[in-house]
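I opened my notebook to go through this structure one piece at a time. Here is what I looked up, in the order I got to it.

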Amino acid sequence: MEQYTVTGMSCAACSARVEKAVSKVPGVTSCSVSLLTNSMGVEGTASETDIIAAVTEAGYGAQKKGAASAGAKRALAAADEDLLKDRETPVLKRRLLASLGFLIVLMYFSMGHMMWNWPVPAFFQGNHVAMGLLQLLLAGIIMVINQKFFISGFKGLIHRAPNMDTLVALGSGASFVWSTYALFAMTDAQGKGDMAGVMSYMHEFYFESAATILTLITVGKMLEARSKGKTTDALKSLMKLAPKTAVILENGEEKTVPIDHVQTGDIFVVRPGENIPVDGIVLEGHSAVNEAALTGESIPADKAEGDKVSAATVNQSGFLKCRATRVGEDTTLSQIIQMVSDAAATKAPIAKVADKVSGVFVPIVIAISIATILVWLLAGQTLGFALARGISVLVISCPCALGLATPVAIMVGNGMGAKNGIMFKTAVSLEETGKTQIVALDKTGTITSGEPKVTDILPAEGLTEEALLSMACSLEKKSEHPLARAILTLAEERKISGKEVSGFQALPGNGLLAELEGQKLLGGNYKFISSRISVPEEMKSRSQELAEEGKTPLFFAEGDRLAGIIAVADVIKEDSPQAVKELQNMGIHVVMLTGDNERTARAIGRQAGVDQVIAGVLPDGKESVIRSLKEKGKVAMVGDGINDAPALTRADIGIAIGAGTDIAIDAADVVLMKSCLSDVPAAIRLSRAALRNIHENLFWAFFYNAVGIPLAAGLWYPVFGWKLNPMFGAAAMSLSSFCVVTNALRLNWFDMYNAKKDKKVKNAVSIILEESDENKEENKMEKTMKIEGMMCGHCEARVKKALEALDQVESAAVSHEAGTAVVTLKSDVADDVLKKAVEDQDYKVLSVQ
């Protein structure tokens with residue numbers, strides 16, 4: 001997406017006009033314009049020149065973001081910070097102060113003296129013409145101060161694209177022109193000595209209305225601009241964390257350079273208390289780094305040699321020497337800024353309703369205003385009365401509230417998400433996430449930590465846990481199996497170092513064999529150990545219980561005696577059960593997808609508390625499961641963003657979890673930077689709150705206009721005698737936009753991690769995945785393979801993946817306990833092909849039936 005800065009827009013009608021003009025340019029596939037950030041996102045093959053020309057022809061200005069600044073690509077974050085800077089408020093504040101200064105004087109003479117007989121200089125006593133000329137002069141000065149309304153308004157009218165400024169300019173201009181006519185008519189009446197005519201025309205002066213309309217609209221614009229500036233506070237505070245300089249090493253000497261001079265490969269140093277300038281990798285030192293700015297995680301992360309560090313994070317304790325790996329627009333910080341900026345430049349589906357209304361709103365209001373004047377004239381009212389009603393209609397109507405209803409809530413919601421490590425890529429993803437009915441969770445790395453850990457240590461009688469762990473550590477030291485790492489990690493934590501063994505042998509899939517101080521050591525699964533020594537019934541039944549809990553029991557023996565069992569499993573994260581419960585309390589059906597066997601999967605599913613478990617599913621198969629789930633309701637898929645890319649893409653909402661610094665995951669719609677599953681219900685909660693806020697804003701915008709326009713037109717005057725002074729109409733118009741933006745800012749206080757107010761979605765679905773007709777067919781070709789050497793879930797996964805990689809194989813159900821693989825075929829395949837696929841993974845095939 002190419003982004004442009006658009007100038008000259010003042011309301012939703014302007015943004016709709018620009019969007020329409022650019023969408024017509026050949027080669028443009030999509031265009032969305034944000035009134036909030038004055039930005040435009042364009043996709044397609046159209047040239048920059050053609051796009052800018054289309055915007056200019058529509059009566060506005062455009063410039064490609066970063067085009068004006070040297071080295072823009074190297075200073076993306078700085079350019080964005082400059083873009084988000086609130087320039088409107090100071091200008092509008094100066095205009096407002098100047099307008100108020102002259103308006104106070106004008107109101108003193110027009111209202112104070114006329115209505116309450118406040119004292120005026122003797123020259124003005126009884127001199128009605130002089131009083132009128134003074135009001136004309138003061139109103140004229142205020143109109144010059146606020147000339148932007150007239151320039152923008154009439155420019156829009158000339159380009160046949162009237163906007164909010166057009167309504168203000170017509171209302172104020174009509175008041176001024178009519179008052180000027182009344183002044184000349186009064187002068188003529190005074191020349192003729194017609195004092196009754198003089199007094200009559202004096203009551204037709206609307207100079208104060210012309211000036212007050214402009215001043216009050218400026219008040220509203222300033223409040224709106226100030227509030228709009230606050231919607232990007234979260235991003236601006238993030239940008240301020242990025243250092244402007246870095247300390248790099250050149251020829252062994254430290255040198256401070258501007259941040260945009262740092263190149264990939266440069267060596268930089270960071271002292272305690274300093275911000276890390278760019279993304280890099282630690283070469284020397286260790287420290288605790290506060291990454292809250294990027295991930296929202298308050299607990300500092302320990303960094304040592306080989307670990308990655310990110311720009312805008314704070315080095316808290318130690319000295320770090322790092323090598324720059326990503327600089328400029330490639331840093332995690334810049335990608336976050338770009339992602340939120342892109343999201344602000346996109347349109348939520350709900351905004352399209354407001355856009356359609358905004359596109360025709362101003363012409364309809366002008367037509368209503370003209371009709372109002374004509375109807376009152378035909379009803380026998382004076383031109384002054386009819387004109388006042390028509391002007392009130394013009395100035396009370398507010399397309400701004402409609403245009404801002406959605407983007408302000410989207411921007412605040414995105415900023416809140418970014419602050420907590422939850423990144424919504426587009427406005428669509430922010431709106432749609434809250435509508436989720438089914439959440440499909442990948443098991444490994446999402447529900448579980450993704451790394452095997454020791455869960456149980458069961459030493460045989462006469463042995464301690466430390467003795468068993470020491471022996472296991474000695475044996476596993478030379479093993480490369482993933483389960484060995486779990487045992488070695490625990491031994492390291494407990495400061496247990498195994499002894500050196502001799503004659504080490506790894507029998508693939510079966511187990512380990514070695515000698516220690518003349519004693520034979522054995523390690524492996526039940527099948528391997530039981531073939532060499534006798535296993536007590538108690539230990540055998542205990543191992544079966546562990547297996548049913550989804551754990552892998554590893555048996556260890558010394559000589560002819562069983563030393564004990566160490567159980568290893570991919571344990572679930574601490575917050576997973578609570579996160580699943582929160583999703584269910586929201587009325588969401590939770591499904592767990594995994595490539596594990598049925599027993600392991602169901603054990604993990606029970607611990608996590610999910611509604612449904614679908615086991616034996618490889619990454620390719622997850623995509624077809626998501627397709628089936630989508631027939632039941634709106635699906636969000638949560639995965640790691642790499643192996644789960646097809647499923648993330650297929651789902652209505654793809655959520656990548658644990659992205660860390662790698663936030664540019666194309667397949668995902670929502671990126672969670674932490675590995676906390678609790679961020680999933682938080683993202684859904686935030687989406688629902690943002691959507692609720694948008695509904696409130698749109699209701700207010702439509703309700704305000706539905707009530708305000710009939711009142712301004714004098715519809716209730718014959719019944720209740722109600723009529724609206726144009727000045728009060730202008731005040732109401734100013735407040736409407738301010739109310740919408742202020743309501744959106746309430747999202748800043750929304751606690752997305754508070755589950756107390758969760759409500760179940762209407763029509764919550766109850767999903768039961770039925771077997772597909774294909775699986776029900778009994779005439780499917782199946783082959784059962786007897787395999788030797790598998791000893792854990794990881795072995796199963798390797799065999800399953802190897803078999804399902806064959807074109808003729810539809811699926812493979814593998815069990816390391818039974819030592820079998822049941823292969824379902826799409827078409828006939830030779831036994832030798834199946835055998836080779838498995839034996840290439842270092843397992844032995846005993847038979848194929």
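**Entry 1: a strand pair and its sheet**

I started with strand β27 (residues 781-788) and strand β29 (residues 820-825), which pair in the antiparallel sense over six bridges. A note to self before going on: this is a predicted model. To pin down the register I looked up Lys783, and its bridge partner in β29 is Val823.

Next I asked which helix packs on the sheet. I found helix α30 (residues 793-804), which touches β27, β28 and β29. The direction of α30 makes about 165° with that of β28.

Then I wrote down the whole sheet. It is open and has four strands in the order β28-β29-β27-β30, with antiparallel pairing. Which strands lie at the edges? They are β28 (809-815) and β30 (844-848), each of which pairs on one side only. I also noted the turn between neighbouring strands here, which is 25° on average with direction ignored.

**Entry 2: strand β18 and its partners**

I moved on to β18 and asked how many of its six residues are buried. The count is five, so β18 is largely enclosed by the rest of the structure.

I looked at its pairings one after the other. Strand β17 (residues 502-507) is joined to β18 by four bridges, and the two run antiparallel. Leu507 has Gly511 of β18 as its bridge partner. With β19, the strand β18 pairs over six bridges, again in the antiparallel sense. In that pairing, Leu512 is bridged to Gly523 of β19.

**Entry 3: positive phi values**

The hairpin of β18 and β19 has two residues between the strands, and Glu517 takes a positive phi near 50° there. I marked this one because Glu517 is not a glycine yet has a positive phi. Its place is the loop between β18 (511-516) and β19 (519-524). Is Glu517 buried or exposed? Its relative accessibility is 67%, so it counts as exposed.

I then turned to Asn251, another residue other than glycine with a positive phi, in this case near 55°. Asn251 sits in the loop between β5 (245-250) and β6 (253-258). Its relative accessible area is 83%, so I put it down as exposed.

For a glycine, I went to the end of helix α23 (residues 598-608). Just after α23, Gly609 takes a positive phi of about 85°. While I was there I listed the buried residues of the helix: Thr600, Ala601, Ala603, Ile604, Gly605 and Ala608.

**Entry 4: two helices that cross**

My last stop was helix α18 (residues 465-476) with helix α19 (residues 482-493). Their axes come within 9 Å and cross at roughly 130°. That angle lies between the limit for roughly perpendicular, 115 degrees, and the one for roughly antiparallel, 145, so α18 and α19 are oblique to each other. The crossing is left-handed.

Which residues make the contact? From α18 I have Leu469, Ala472, Cys473 and Glu476, and from α19 I have Ala484, Ile487, Leu488, Leu490 and Ala491. Sorted by class, the contact has eight nonpolar residues, no polar ones and one charged residue.

Conventions:
Residues are numbered from 1 along each chain as its sequence is written. This is a predicted model: local features need pLDDT of at least 70, side-chain atom pairs count only at pLDDT 80 or more; totals for chains, interfaces and linings use all residues. Side-chain values use heavy atoms; hydrogens and water are left out. Axes are lines fitted to C-alpha atoms, for helices over the stretch in contact, and angles run from 0 to 180 degrees between N-to-C directions. Angles under 35 degrees count as roughly parallel, over 145 as roughly antiparallel, 65 to 115 as roughly perpendicular and the rest as oblique. A crossing is left-handed if the near helix is turned anticlockwise from the far one by less than a right angle, and right-handed if clockwise. Contact means heavy atoms within 4.5 Å. Ala, Val, Leu, Ile, Met, Phe, Trp, Tyr, Cys and Pro count as nonpolar, Asp, Glu, Lys and Arg as charged, and the others, Gly among them, as polar. Buried means under 20% relative accessible area, exposed over 50%, partly exposed in between (1.4 Å probe, protein chains only). Two strands pair if DSSP finds at least two bridges between them.
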